[in-house]
Amino acid sequence: MERSLIKNLLGWKNSALRKPLILYGARQSGKTWLLKEFGKKAYEQTVYLNFDDEPELGDYFQKNLKPERIIGALESHFGLKITPSNTLIIFDEIQECQRAKDSLKFFNENAPQYHIAAAGSFLGVASGKFPVGQVDSLTLYPMSFHEFLEAIGRNMLLKNIEALDFPLLESLHTLLTDTLKTYFYVGGMPAAVKAFVQTNDLTIVRETQNEILRNYKNDFSKHISPHDISKVRMLWDSMPAHLAREKKKFIYKDVKSGGRASEFENALDWLVNTGLVYKILRTSNPKIPLARSQEREAFKLFMLDVGLLCAKSNIDLSLFYVSEPKIFDDFHGALTEQYVCQQIKSTTSNPLFYWGREKGDAEVDFIMQHKNTVIPIEVKSGKSTQSKSLNVYINEYNPKIAVRVSLKNYGKKGNLLSLPLYLLGYFNLAEC
């Protein structure tokens, strides 16, 4: 399987300003595999340290953090010569060794010739911080729809999408829609995609997804204080119900009767910082910069992956075999909006928000900022493209470009771009 982030890793390798790299991402999103694959493709050798599996490796960082001493110790341990430009050094599960995290500052300042990439499952919530300004960072998300197409051998279909031949894509619309339905079920978790590629059996895919969800729940008890475990579980288990509502603004009282932000705030922060949940803040004043007008008390939550949302919601496989694209409409379009959120998150570093009037009479599903432009993105789960809220937004703010994502084919009228769901993540919204 190929991951598009490897291009970013190659750019990091060749950068004259390269610093030690931190690869963020939720557990089981493929960080370790990606770094090892990167090492195979771009270096003569890879030195791999896992501080969780072999905590004794942390001993090499205890006396002092001089890079030459650490490199010498690693050369002796692995029995090889570490040549800076030809060796990738991977610090995996680095959150388990604070001294290894501290060493990145010294490598950056005193030995920048060494290529060091670090990863970990709980970097966002681990105690102890990385040295400010001393590291580069990337985030790995679940596989996008286009990575999925490549993984399942639909390379020609992917090439057709990349060519943006809209008449041809229109003739392929049924095939693209059916493949997209399969992606909604399988999702982008590498283990689930691998299960589908190897067996073509969606029942085995569901078993794989349920195993991932069980592992996440086990992580709750290992990495959270006993005081917050039940709160994290309640929040996590409430996700399908929240997303299935027509109005998806998160309400604490729906998690627990009488629930308040003060009660669940730490638990929610934990879920967001692990990458298991995406928090999309509202703005009612979509002016640049969007971050200045974000409303921290109003937000929507999405899971990290549409396939895991299907599994957690116990959505029956039969829904994916009906001839009509029913799955796109059901549950108030929850799966479609989840899909759009994760495709955008995986293909742009621009923060994602949503727009809504404070009185609640109009709401656009997502808005994002690119340079000096704010782009509203309305999600339509089926072929119906009535967009009352998007029309309100256009009339009030006259955006340079507005995007409506649906099952309909590509089209553009004035400043309104109609984009089929399967193009999202490849078509560059910022340049349209």
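Which strands does helix 11 lie across, and at about what angle does helix 11 run to strand 7? Let's warm up with that one and then work through the rest.

**Before you start**

This is a predicted model, where local features need pLDDT of at least 70, side-chain atom pairs count only at pLDDT 80 or more, and totals for chains, interfaces and linings use all residues. Residues are numbered from 1 along each chain as its sequence is written, and side-chain values use heavy atoms, with hydrogens and water left out.

**Exercise 1. Place helix 11 and helix 12 on the strands.**

Step 1. Get the terms straight: helices (H or I, at least four residues) and strands (E, at least two) are DSSP runs, numbered from the N terminus. Axes are lines fitted to C-alpha atoms, for helices over the stretch in contact, and angles run from 0 to 180 degrees between N-to-C directions. Contact means heavy atoms within 4.5 Å.

Step 2. Helix 11 lies across strand 6 (277-283) and strand 7, and it runs at about 95 degrees to strand 7.

Step 3. Now try helix 12: strand 6 and strand 7 lie under its path too, and helix 12 runs at about 110 degrees to strand 6.

**Exercise 2. Work out the order of the strands in the open sheet.**

Step 1. Strands of a sheet pair through backbone hydrogen bonds, either parallel or antiparallel. Here, two strands pair if DSSP finds at least two bridges between them.

Step 2. Follow the 8 strands across the open sheet and you get 7-6-8-9-10-11-13-12, with mixed pairing.

Step 3. Look for strands that pair on one side only: these are the edge strands, strand 7 (294-303) and strand 12 (411-413). On average, neighbouring strands of this sheet are turned by 30 degrees against each other, direction ignored.

Step 4. Zoom in on one pair: strand 8 and strand 9 are antiparallel, over 4 bridges. Phe-353 stands opposite Ile-367 in strand 9.

**Exercise 3. Describe the surroundings of Ala-362.**

Step 1. Find Ala-362 in the loop between strand 8 and strand 9.

Step 2. Is Ala-362 buried or exposed? Buried means under 20% relative accessible area, exposed over 50%, partly exposed in between (1.4 Å probe, protein chains only). With a relative accessible area of 2%, Ala-362 is buried.

Step 3. List what Ala-362 touches, not counting residues up to four places away in sequence: Trp-355, Gly-356, Arg-357, Ser-389 and Val-392. Take Ser-389: it is 27 residues from Ala-362 in sequence, yet their C-alpha atoms are 4.9 Å apart in space.

**Exercise 4. Track down salt bridges.**

Step 1. A salt bridge is a side-chain nitrogen of Lys or Arg within 4 Å of a carboxyl oxygen of Asp or Glu. The whole structure has 17 of them.

Step 2. Start with Lys-248 and Glu-337, whose closest N and O atoms are 3.8 Å apart. Lys-248 sits in the loop between helix 11 (226-243) and helix 12 (261-273), and Glu-337 in helix 14 (residues 326-347), so this pair ties together parts that are 89 residues apart in sequence. Lys-248 is buried at 4% relative accessible area, and Glu-337 is buried as well, at 6%.

Step 3. Next come Glu-396 and Arg-357, with their closest N and O atoms 2.0 Å apart. Glu-396 belongs to helix 15 (residues 388-397) and Arg-357 to the loop between strand 8 (352-356) and strand 9 (363-370), so parts that are 39 residues apart in sequence are tied together. Glu-396 is partly exposed at 39%, and so is Arg-357 at 24%.

Step 4. Lys-256 and Glu-263 also form a salt bridge, at 2.7 Å from N to O. Finish with a network of salt bridges that links Lys-217, Asp-237 and Lys-312.

**Exercise 5. Check the cysteines.**

Step 1. A disulfide is a covalent bond between the sulfur atoms of two cysteines. The test used here is a pair of cysteine sulfur atoms within 2.5 Å.

Step 2. How many disulfides does the structure hold? The count is 0.

Step 3. Take Cys-341 as an example: it is in no disulfide, and the nearest cysteine sulfur, that of Cys-310, is 15 Å away. Cys-341 is buried, with a relative accessible area of 0%.
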